[in-house]
Every structure is written in structure tokens, then in C-alpha cells.
Amino acid sequence: MAALDCAGVSGAVRNASASVRLLMHLVDIHNVSRSYGQVRALRDVSMTLNPGVIGLVGNNGAGKSTLLKVLLGLLTPDSGHGTILGCDILHASGDLRGRVGYMPEAAAVIPMLKGVEYVTLSGDLYGMPHRDAKRRAHETLNYVGLGELRYRKLEEYSTGNVQRLKLAAALIHDPKLLLLDEPTNGLDPEGREAMLELIEDLIAETGKSVILCTHLLPDVERLCQQIVVLHRGQVIRSGTMAELRHDVGNRFEIGWQGDGTAFVAALKNSGAAVSTDSQPDRVVAQFPDGWTSARLFALAREHATVLNLVRPDEENLERLFFRVTEETSGGAKPVSAAASNGAEESRHGN
Amino acid sequence: MGIDNAHYYGWQGELQSPRWATLAIVRISLLQVLRRKLYWIVISLGMVQFLLFWVIIYVVTQFKLPGDFQREMHNITGFSPKPDFGEENGYVTFMQNQSVVVMILLAFAGSLLVGSDFRLRALPFYLSRRIDRRHYIIGKLLSISALISLLTVVPAIALFIEYGMFTSSTGYWRENWTMLLSVLAYGAVMCASMSIMIVTLSAYLQRVAPIAITWCSGFAMLNRLSGYLKDATDNDYWQLIDPGRDIRLVGKLCFGAFQTAKDQWVAELAAMILVCFCALCLVALVHRVRAVDIVE
């Protein structure tokens, strides 16, 4: 019953039904708001996350950092309540950080230290007995694949190895929840792949819960079972990729041979929301309810167009992200330097 | 070892109070300093001075030297380990001399121990663990204090023990045990004031060159300026704007080395100035550390 021994948990938590709820939920927060002066960084954020791998995505200024600070117990919300790993977010900051392993985005190296000393220091700072911290440092360094580099000075580590080292430092006290802030940031493709494999292996072997915060949406799509989309301080979507894709409805990717200008114009006139693809002979069309494939083929025949592709257009996370943020913004194009695929989707105007 | 043949092992144990983490910060900081060869050069300067005092105590106590020669030996080091020597107290002289070495060491160590945490963004590493900003600041102040003590308090105590040993009687220790307290008190003043000053300076300037230049020239310039103002206005109190002199005066106060009430009052004034200055530095330091975003 590890989730129940956290200081600061309210009395109501002690009853049996609450116990079950705490054990089930990783994060259970309600109406959490936080402002910095006049700026409201979080607005009535409510979310209930089950243990697993969760991706936290959002534009710059969406409130991700503030939410992470709340999850780490570094910030107390202005209003709202809830628990993280059974710890009350209003009262248990130190205990909370004892249960969470945080891998910061920054390099965060300490000069003149060796790898094993760095990870041991992390254990000491978490409050582990020094002897345990030392033993665990060797174990976690072995696990992340830095066993042979453990006695090297940190200045000699490559970017990829520093990322692994930070992961080892976050794992040292065997936390129940890992917060990974841009774990693949600055890595070359090979290093990124290795890091993602390591995280996948960690999740598979230990079953730890992970909250992944990154701008690289393909990483989130690959690793995460649940996704939380933050926009302007609010959670605008939350759920599994499959659940979020349900919103897509009758969206199809359509391809043809030859000139399809007339066909595309007819599609638009018939009520479908059409967006051009990167290829000239492809479009993505969102059909209104009641459309059938027979009607589509009839329209193609009418305009002497030979269709060579009709398939459901499954959104990837990038497209999904841009769609939901655009919907929430009321048509305003979200500000982001993220990938071009999603940008095309944002031009849909569905 | 790759991930294919390494497995994850859990850990079950009780986490201790984050207060203990400050000791880990001290241990790591000392390790950082002692791994740099440059710092060993500075530390060895302090060791040379200590050995000089050690040898002179040995010679003075073990050999019957003519009076003139003995006086000459005292003049070389200014070392008079008896408390009734007033302002010429040898331990004060030794610790004052060592404080110059300490200042040089801190000018370089500040960047390594504190500046690099800001420059290389290592502060989030510390503060995202169970400790908070208070523990971090205390840990860094204790680290600097440990360095200062290694060069001042510890060798001064060693000299005290040596003098007692070579006089072949425990009488010296029994009669002058308060001297040990004075050494510790002077050490505490140096540790508190210098650590707060250098940690604050390093937190703001971060790189070794600006820190070393500001630190050393600050002490030297204020020393010169205080002397100039004193001569120009014929007012001794101007000397109190020199923090190095203030520390020395408070140190002498700890040894009760002042003969006149006015000197005593000036030293007390120096203590007040030092406390106010350190309090300001501490406020600035807390402000600086609080400004760092742990999650960016």
C-alpha cells in the first residue's frame, strides 16, 4: 500500500473506496489553477491518469512546465486539489519528489565528477543512505548501458551518454513515476533510437509509469499509451491515441491518375472538406455524415477521374495535435515550429 | 554492458531526511576542488606557511636559543602562541596570513563549486531531488566553509597542540584552553562571512575570471580606498569599509586581543558592518537561487 503512506493525504483518503481509487490513479487532480501575476498558466486543469506511459504535449506557453512543476511538488496550485501517487499536491512536496524521478532537459553536469559519483550524488539528494546510493548507482549505470564508462569524468561523456546518465540518476531511488523532460533532445538519429529503445525496455521490464514531455511528437506516439494535450493552460484532449482519433470521423485520403482539378472542385461543392496533400494527385477529404463510397466513385466517374487510392486517413499525433489546438483556438493557426505534416493539416479548415 | 544483458533491479529502503543531503553536497564539493591540480598549488602555499610556523615552534621550544635569535624568530612569523601577547597573538597572525591564501583559493573555487551549477544548468539537478533551495545554499556554504577551515582552523589547532606537546607539559593546554575556542570563533567568522560573500558573487558572475577579478580587486580596492579616506579625513572609521580588515578586527575580538575600549568598540562596529553586509549578500543569494527555473 505504498500509495497510502504519503504525508499530507487528507482524511477522506483513508476510507476504503478512496484507497482503491488512489491505487488505480497515477494522477488525479481537479480544477488546478496557477497564475504568475496576471498570466494564468494553468486554468482549472482536471485530469485522471492511470498508471502507464503518458505523453504531455503542447505548444510553448501551453502550461506544460507549470504542470510538471505541480507534478514534481515544486509549485503549489492557487486553487484546486488532488493527488499524485497518493500524495496530496497541496502538502507533500518533499514526499512527492521522493516518489518521482525527474530527468531534466538541461545537461546538468557537475564538473570533475565521475559518472558513478554523479548518480550516487543523485541518490544522496533523494535521501537514500549513502551506501545504498553507491550500490544502486552501479546497478542503474549498468542498466542504462554506461557500466564501462562509470569511472569516466562527466566532461568526457557524449550527449547521448549524458542523457543515459541523467536517466540513471532519475532511476536511482526506484521511483514509481518517471518524468522525462525532452529525453531525446539534441541526439543524432542513432542516439535517439537507442534512447527510445532504452525507455521502451525500461517500461516493459519495470512497468514504471512515465510522463514524457517532449516536442518530438513521433516519440510520444511511439512510447505513450495516453496523451494529454495542453493548450493555453487547459487540457483540451486527453486519452489514448485511438480515443482521440475517434474525432476524425469520415476522413479519407484520396488519390487519382491524371488531372483531378474538376473532381476536387466537385468534391468541395458536394460538402466535403478537402485539403491538398504534398503530392499533386492526392487530397485528404473529410466527408459529412451520410456519404457513401458509391457516391464518391460516382462523382469520380462523372468527372472522368480514375481513383487509385481511397483509404481512411489515420491521423498521426502531429496532425491530431494541430487539429485539436486549432479547434480550441477557434481557427487561429497554432504557433509552433513543429513538423510540416501537421502544418498541412492545420490548413484544412474542416 | 548493453541493455540486452542488464536487468533492472528495484530498491526498497527508507529515504532519510533531506538535511543529510547537505553533507553529500559538501563531500562532492571537496572532491571537485581536490581533483584540480591548480587548487593544490594554492593549498600547498597554505601548507608552506603552516610548516614554517611548525618548524619555528619546534625550534623555539626545543632549543635554548639566545634571546636575540628567539626574538628574531618571533619577528619572522609574528608567532607568539601565548594569549597575553595581546595584539601579537600568534594564532591571530597565522590565521590572518592564511586568510590571504584562502582568498586566492576561493577566487578560483567559487566558479567551480557554485558558478558552474548556474552556467552548466546543474541547479535543476539538485533542486528536482528531495532537497529544496535552503538545503542547496546551506550545502554550498558548508562546502566553502570546509575549505576555509582546512586552511585556517585545522592547522591553527594543530599548532596549538604542537606548542603544548613541545613544552612537555599539559599546563599550556589547561591554562590556554580558551584559545581553542577563540580559534574556532575566528574560524567561524571567516567561514560565515567569506563563504556567503563568495557563494553570492559566484552565483551572479559564474565564470572564473570575473569572479577572481571582482573578488580580489574588491578586497584590494576597498583596502586602498579605506586607507585613502582615512588619511584624507583623518577619521579611523573609514577603515571599516574594508571587509578584509573587518574580518581581521572581529577575529581579534574573538581572541580578546584589544587593549583599549576604543579598539574594542571599533571591532564591535566592524562585526555589525560584517553582519549587515553578509545579510545583504544572503538576501541576494536566495533571490538568485529562487530565480532559477527547475523545469524549463
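## Chain B: helices throughout

Read along its sequence, chain B runs α-α-α-α-α-α-α-α-α-α-α-α. In numbers, that is 12 helices and zero strands. The C-alpha trace of chain B spans about 80 × 50 × 30 Å along its principal axes. Please keep in mind as you look around that this is a predicted model.

## The six-stranded sheet of chain A

Strands are found in chain A, and we can begin with an open sheet of six of them. Their order is β6-β7-β8-β3-β9-β10, and the pairing is mixed. The edges are held by β6 (100-103) and β10 (234-240) of chain A; each has a single partner strand, so one side of each is left without a neighbour in the sheet. From one strand to the next, the twist averages 15 degrees.

At the β6 edge, β6(A) pairs with β7 (residues 177-181) of chain A in the parallel sense, over four bridges. If you would like a residue to start from, try Gly101(A), whose bridge partner in β7(A) is Leu178(A). Helix α6(A) packs on the sheet here, touching both β6 and β7 of chain A. The direction of α6(A) makes about 165 degrees with that of β6(A).

Another helix to look for is α12 (residues 317-329) of chain A, which lies across β3 (53-58), β9 (226-231) and β10 of chain A. Helix α12(A) runs at about 40 degrees to β9(A).

## The four-stranded sheet of chain A

Chain A also has an open sheet of four strands, in the order β2-β1-β4-β5, with antiparallel pairing. Here β2 (39-49) and β5 of chain A stand at the edges with a single partner strand each, so one side of each is left without a neighbour in the sheet.

Inside this sheet, β1 (residues 27-36) and β4 (residues 79-84) of chain A pair in the antiparallel sense over five bridges. Two residue pairs help to trace the register: Asp28(A) stands opposite Thr83(A) in β4(A), and Ser33(A) stands opposite Ser79(A) in β4(A).

Next along, β4(A) pairs with β5 (residues 87-88) of chain A, again antiparallel, over two bridges. Ile84(A) has Cys87(A) in β5(A) as its bridge partner. The two strands β4(A) and β5(A) form a hairpin with two residues between them. For anyone checking backbone torsions, Leu85(A) in that turn has a positive phi of about 55 degrees.

## Where the chains meet

The contact between the chains takes 53 residues from chain A and 38 residues from chain B. About 4,200 Å² is buried between chain A and chain B, with carbon and sulfur atoms giving 60% of that area. The count of residue pairs in polar contact between the two chains is 22, with both residues at pLDDT 80 or more.

Which helices of chain A each supply at least two residues of the side that touches chain B? They are α2 (64-71), α3 (93-99), α4 (115-126), α5 (130-143), α6 (159-171) and α7 (189-206). The residues on this side of chain A divide into 24 nonpolar, 10 polar and 19 charged. Helix α6(A) thus appears in both settings: it is on the list of contributors to the side that touches chain B, and it packs on the six-stranded sheet through β6 and β7 of chain A.

## Salt bridges

Side chains of opposite charge can pair when their charged atoms come close. Over all chains, a search of the whole structure finds 15 salt bridges. Between chain A and chain B, the count is three.

One of these joins the side chains of Arg35(B) and Glu117(A), at 2.5 Å from N to O. Another is formed by Asp293(B) with Lys69(A), where the closest N and O atoms are 2.8 Å apart. This second pair crosses from the segment after α12 (261-290) of chain B, where Asp293(B) sits, to Lys69(A) in helix α2 of chain A.

Note on methods: Residues numbered from 1 in each chain as written. Chains lettered and ligands numbered in written order. Predicted model: local features only at pLDDT ≥ 70, side-chain atom pairs only at ≥ 80, totals over all residues. Heavy atoms only, no water. Contact = heavy atoms within 4.5 Å. Buried area = accessible area lost by both parts, 1.4 Å probe. Salt bridge = Lys/Arg side-chain N within 4 Å of Asp/Glu carboxyl O. Polar contact = N/O pair within 3.5 Å; in protein donor to acceptor, adjacent residues only side chain to side chain. Nonpolar A, V, L, I, M, F, W, Y, C, P; charged D, E, K, R; others polar. Pairing = 2+ DSSP bridges. Axes fitted to C-alpha atoms, helices over the stretch in contact; angles between N-to-C directions.
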